[in-house]
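Morning, everyone. I'll take one sheet and then one helix pair. Here is the model.

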Amino acid sequence: MKTEQLYQIYLKHPLICTDTRNISELCLFFALKGDNFNANQFALQALEEGASFAVIDDARYAVNERCILVDDVLTALQELAKFHRRQLRVPVIGITGTNGKTTTKELIHSVLSQHFNCYATRGNLNNHIGVPLTLLSINSGHEIAIIEMGANHKKEIGFLCSVAQPTHGLITNVGKAHLEGFGGIEGVRIAKGELYEYLAQTGGTGFINSDNELLMELARERNLQKLVTYGRSDADLIVQLKEVYPSLTLEWETKTGDQSLSYHAVSNLPGTYNFENIAAAICIGNFFKLSPEDINSGILAYIPENSRSQIIETENNTIISDYYNANPSSMSVALDNLGSIGKPNKVMILGDMFELGDEAGTEHELVIQKALKTDADQRIFIGEEFYKLKNNTEAEFYRNTDEAFEAIERKPIKNSTILVKGSRGMKLEKLLPLL
């Protein structure tokens with residue numbers, strides 16, 4: 001079936017499902033395949049549970065006329081999303097970067113939603129499947145869209161741009177993450193720059209932190225002409241950090257003719273590393289002509305969740321919960337933030353960082369070195385990579401989270417400010433009941 005024909009069916013059944021555990025009435029079921037599963041075999045089940053049609057690529061499972069046979073289901077999904085995107089007449093803001101993508105996306109969504117009917121990527125649906133699903137969730141009632149784009153290898157951002165076709169774009173930063181897939185930090189730099197490259201080729205607009213020379217260099221290299229800058233000085237929007245703890249307050253400035261006006265944006269986000277994320281949201285809100293009051297309301301309205309820069313007050317401690325993910329760059333700024341907090345009894349609980357390939361040993365050693373120089377009263381390292389480097393008595397090392405649980409259970413931590421950070425696979429949330 002051609003994409004145009006499939007699109008006519010989609011218009012009548014605009015809800016997409018890819019998992020039979022979440023079938024919705026009258027949806028379109030796309031039978032995706034993976035390394036360890038083949039959803040073609042669940043096509044009949046999806047139809048029986050309420051799907052209107054099942055899109056399959058294995059003729060053996062074409063049980064009736066409600067099975068739509070295509071050459072490849074994933075390609076069909078991506079082409080359908082591209083076709084739908086071309087029908088949309090709304091600004092689409094593409095976001096990528098090593099750290100802060102999701103937080104920045106949520107902040108921008110919170111700001112723009114003060115004035116627009118805005119749709120943004122749900123959760124972390126930011127890959128070759130998630131981006132098409134996000135696009136197919138945008139309808140004619142939406143006025144603006146924000147698409148998060150993640151990658152772990154070169155040319156992935158370029159491909160996602162070809163699907164999402166952003167009119168505007170933002171790279172939060174370029175740092176050390178997924179080094180195994182990118183082949184090193186230079187590979188990360190090239191890959192993230194693919195968003196600027198797309199915008200340059202299509203006449204799109206880039207929002208850029210002018211304080212970040214690497215990002216400015218990427219924009220120059222790709223001859224990105226339409227730039228809107230934000231930064232501490234020499235930028236279209238001047239932003240300053242005024243307060244840090246317990247959450248950030250920013251002062252930002254707009255100009256009308258010769259007149260400059262300053263405003264204060266209060267957030268619910270801790271961590272100096274969130275300064276740039278908030279600044280980006282203010283810049284984009286200002287670009288789309290929201291009032292300062294709406295911009296500040298949007299910043300204040302965003303409450304972090306999913307263990308991304310959350311402050312959790314327990315009966316015994318204050319926890320900086322930041323264990324949704326970790327890489328060398330985000331670990332470094334998290335330690336900087338802990339060190340800057342003027343509180344007694346500071347504790348760090350750090351878990352292994354994943355997907356670092358041959359650089360894993362070196363990067364974990366660098367984290368340990370930085371942690372030992374960071375102002376703290378107790379340092380706990382968890383995971384096989386950290387444990388291999390157990391070589392001093394100034395810190396505690398445990399092979400896994402269960403071992404750390406037993407140790408903390410024996411010697412509870414109380415009346416402390418605790419940074420908990422590591423890769424998602426470390427399951428550091430197991431420790432929260434003890435903290």
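Start with strand 17 (residues 378-382) and strand 18, which pair in the parallel sense over three bridges. Pairing here requires at least two DSSP bridges between two strands. In that pair, Ile382 stands opposite Tyr398 of strand 18.

A word on sources. This is a predicted model: local features need pLDDT of at least 70, side-chain atom pairs count only at pLDDT 80 or more, and totals for chains, interfaces and linings use all residues. Residues are numbered from 1 along each chain as its sequence is written, and side-chain values use heavy atoms, with hydrogens and water left out. Helices (H or I, at least four residues) and strands (E, at least two) are DSSP runs, numbered from the N terminus.

Now the whole sheet. It is open, with six strands ordered 14-15-19-16-17-18 and mixed pairing. Strand 14 (310-313) and strand 18 (396-398) are the edges, each pairing on one side only. The twist averages 15° from one strand to the next.

Two helices lie across it. Helix 13 (residues 328-340) crosses strands 15, 16 and 19, at about 170° to strand 16. Helix 14 (residues 360-373) crosses strands 16, 17 and 18, at about 165° to strand 17. Angles run from 0 to 180 degrees between N-to-C directions, with axes fitted to C-alpha atoms, for helices over the stretch in contact.

Last, the helix pair. Helix 1 (residues 3-12) packs on helix 3 (residues 73-87) at about 75°, axes 10 Å apart. That makes helix 1 roughly perpendicular to helix 3, a label covering 65 to 115 degrees. In contact (heavy atoms within 4.5 Å), helix 1 residues including Leu6 and Tyr10 meet helix 3 residues including Leu80 and Phe83.

Key: Parallel < 35°, antiparallel > 145°, perpendicular 65-115°, else oblique.
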